[in-house]
Amino acid sequence: MMLKTLQVQNLSLKLNDKILLDDIQFELEQGTVTALVGHNGAGKSTLMKAILAVMEKTTGKIIINEQIDQDSEFLSFKQQISYLPEEPLLLTELTVMQHFQLYGKSYQIKEDVLNRKVDRLVKGFDLVDKLNEYPESLSKGMRQKVQTICAMLPDVPLMLIDEPFMGLDIYAIDYFEELLKEKLKDGTTLLLTTHQLDRVKDIAGFFILLQQGKLLSKGSIEEFDTIKRGTDNE
Ligand SMILES: Nc1ncnc2c1ncn2[C@@H]1O[C@H](COP(=O)(O)OP(=O)(O)OP(=O)(O)O)[C@@H](O)[C@H]1O
């Protein structure tokens, strides 16, 4: 039996009487890639934030590796997940390197391991000469690269990626894809939101379709194509 990296059970999230997530249920098996799809406002980002506990769920259970429960082991739960937000969330007062060190501390990465990883990733993303710069002196794409490196530093069971490849040039996209494939080989499980399924088809095996906070359907990517052809009337 495959290990279930993530189990989401009866997850609902209400905010000011508005139901943003309605009884969501799904599981992700170890080493799989799932694309979270749906129209603007369907609840994709909210679902990620609920998994991360950035937004507080109203009901339900969220469990990592079949044992670490968001409700009972909050700190160790948080350390099992790395998150790449759609827009970079960098701190104006920290240099690029200090951001990496902050992530190293939060995920308890040993200093030598961290430095080795940083070394390799800044070379890959062509940021070697930016380590001592502050975010405001970087381009938008460079900031996105810094945020991407932050998310790639920890070795965690689950990665949540909101709109991968946004703002990255083609070289960075290729390199990022390579890194994701490496992570998958190491057993990391990926959940990513996207509006362009074509872009993630190479790596994603499964989909989850949200509509107005409800899980409308889920299955393999091949099945999604069939659903789409049925509804789009192309
Ligand atoms: N902090 C918040 N306060 C109030 N409403 C919110 C909040 N965050 C999200 N919502 C609402 O929740 C719904 C889902 O938003 P969410 O950002 O999760 O959608 P999404 O599927 O990620 O959309 P997009 O494709 O546009 O990124 C929307 O109706 C949005 O207005």
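**A walk through the sheets, core and domains**

Q: Which residue of β4 stands opposite Q7?
A: Residues are numbered from 1 along each chain as its sequence is written. A word on the model: it is predicted, so local features need pLDDT of at least 70 and side-chain atom pairs count only at pLDDT 80 or more, while totals for chains, interfaces and linings use all residues. Strand β1 (residues 4-15) pairs with strand β4 (residues 59-64) in the antiparallel sense over 5 bridges; strands (E, at least two residues) and helices (H or I, at least four) are DSSP runs numbered from the N terminus, and two strands pair if DSSP finds at least two bridges between them. Opposite Q7 in β4 stands I63.

Q: Which strands stand at the edges of the sheet of 4 strands?
A: This open sheet has antiparallel pairing and the order β2-β1-β4-β5. An edge strand has a single partner, so one side of it is left without a neighbour in the sheet; here the edges are β2 (18-29) and β5 (68-69).

Q: At about what angle does helix α1 run to β2?
A: Helix α1 (residues 44-52) lies across β1, β2 and β4. Axes are lines fitted to C-alpha atoms, for helices over the stretch in contact, and angles run from 0 to 180 degrees between N-to-C directions. The angle of α1 to β2 is about 70°.

Q: Is S45 of helix α1 buried, partly exposed or exposed?
A: S45 is found in helix α1. Buried means 20 or more other C-beta atoms within 10 Å of the residue's own, exposed means 12 or fewer, and partly exposed lies in between, with C-beta atoms placed from the backbone. With 19 such atoms within 10 Å, S45 counts as partly exposed.

Q: What does S45 touch beyond its neighbours within four places in sequence?
A: Two residues are in contact if their C-beta atoms, placed from the backbone, lie within 7 Å. With those sequence neighbours left aside, the contacts of S45 are E86, D162 and T193.

Q: What is the bridge partner of M159 in β8?
A: Let's turn to the open sheet of 6 strands, with mixed pairing and the order β6-β7-β8-β3-β9-β10. Strand β7 (residues 158-162) pairs with strand β8 (residues 189-193) in the parallel sense over 5 bridges. L158 has T189 as its partner in β8, and M159 has L190.

Q: How many residues of β8 are buried?
A: One face of β8 carries T189, L191 and T193, the other L190 and L192, and both faces are covered. β8 is mostly covered, and its buried residues number 5 of 5.

Q: Which residues touch the most other members of the largest nonpolar core?
A: A nonpolar core is a set of buried Ala, Val, Leu, Ile, Met, Phe, Trp, Tyr and Cys residues joined through C-beta atoms within 7 Å. Of its 57 residues, those touching the most other members are L36, L47, I149 and L160.

Q: Where does this core lie?
A: Domain bounds come from an automatic or database domain assignment. Domain 1 (4-80 + 156-232) and domain 2 (93-155) both give residues to the core, so its place is between domain 1 and domain 2.

Q: Which helix gives the largest share of the side of domain 1 that touches domain 2?
A: The centres of the two domains, taken over C-alpha atoms, are 24 Å apart. Each domain brings 12 residues to the contact. On the domain 1 side, the largest share, 4 residues, comes from helix α6 (residues 170-185).
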